[in-house]
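Q: Please explain how the descriptive terms for this model are decided, and set each value against its definition.

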Amino acid sequence: MEKSNNAIDIMTLSVEQLVEVKQAIEKEVRLLSNSFSQLKVVQNKYLDGKENLESINETAKDKEFLVPLTSSLYVPGKLADTRRVIVDIGTGYYVEQTVSKAMDFISRRVAVVEENLTKIQQAIESKRKNLEVVIQILQGKLLDQQKKK
């Protein structure tokens, strides 16, 4: 494991302490994995939105489609304006933008999400390596205890 200024040598920890460290790292990996999964969902929503925006053009004007009111309730509608869309910019705020500006907005959001996904993936890999080291040391200490008996 990497040492920082306040790092301790894990070789000096007792079996009980190593078990606690192992459990803490496993919990961190689970939390990071959940965050990764949630960000993947967000990424897919943005990519779906981008794909839908790409399909908006002059030929789509007056095209009939279903407008979602909830996740399971839809009403019929027609696309009246193919040049402007309303974009959810977060925390309940919506902005009317041109399709090209909306595409730019989504592209920027996708880039941020992808950057965060990369950071989380690296953190998960680092934690898993640390976990492997802790498990190896723990197994070694358990074997030593058995040999002493």
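A: Helices (H or I, at least four residues) and strands (E, at least two) are DSSP runs, numbered from the N terminus. By that naming, T91 lies in the loop between β3 and β4 (93-98). The model is predicted, so local features need pLDDT of at least 70 and side-chain atom pairs pLDDT 80 or more, while totals for chains, interfaces and linings use all residues. Residues are numbered from 1 along each chain as its sequence is written, and side-chain values use heavy atoms, without hydrogens and water.

Q: What makes T91 count as exposed?
A: T91 has a relative accessible area of 74%. The cut-offs are under 20% for buried, over 50% for exposed, and partly exposed in between (1.4 Å probe, protein chains only). T91 is therefore exposed.

Q: What is notable about phi of T91, and where is D62 found?
A: Phi of T91 is near 45°, a positive value in a residue other than glycine. D62, in the loop between α1 and β1, likewise has a positive phi without being glycine, with a value near 65°.

Q: Why are α1 and α2 called roughly antiparallel?
A: Helix α1 (residues 15-54) and helix α2 (residues 99-148) pack at an angle of about 160°, and their axes are 8 Å apart. Axes are lines fitted to C-alpha atoms, for helices over the stretch in contact, and angles run from 0 to 180 degrees between N-to-C directions. An angle over 145 degrees counts as roughly antiparallel, so α1 and α2 are roughly antiparallel to each other. The residues of their contact divide into 29 nonpolar, nine polar and eleven charged. (Ala, Val, Leu, Ile, Met, Phe, Trp, Tyr, Cys and Pro are nonpolar, Asp, Glu, Lys and Arg charged, the others, Gly among them, polar.)

Q: Why is G140 called partly exposed?
A: G140, a residue of helix α2, has 28% relative accessibility. That value is neither under 20% nor over 50%, so G140 counts as partly exposed. The C-alpha atoms of G140 and V15 are separated by 9.8 Å, although these residues are 125 apart along the chain.

Q: How do you know that V85 is buried?
A: V85 belongs to strand β3 and has a relative accessible area of 15%. Because 15% is under 20%, V85 is buried. Its C-alpha atom is 7.4 Å from that of A102, 17 residues away along the chain.

Q: What makes V29 count as buried?
A: V29 is found in helix α1, and its relative accessibility is 10%. Since 10% is under 20%, V29 counts as buried. The C-alpha atoms of V29 and G90 are separated by 28 Å, with their positions 61 residues apart along the chain.

Q: Which element gives the most to the lining of the largest pocket?
A: Helix α1 gives the most, with seven residues. At least two residues each come from α1, β1 (64-68), β3 (84-90) and α2. By class, the lining has 17 nonpolar, three polar and six charged residues.

Terms used: Angles under 35 degrees count as roughly parallel, over 145 as roughly antiparallel, 65 to 115 as roughly perpendicular and the rest as oblique.
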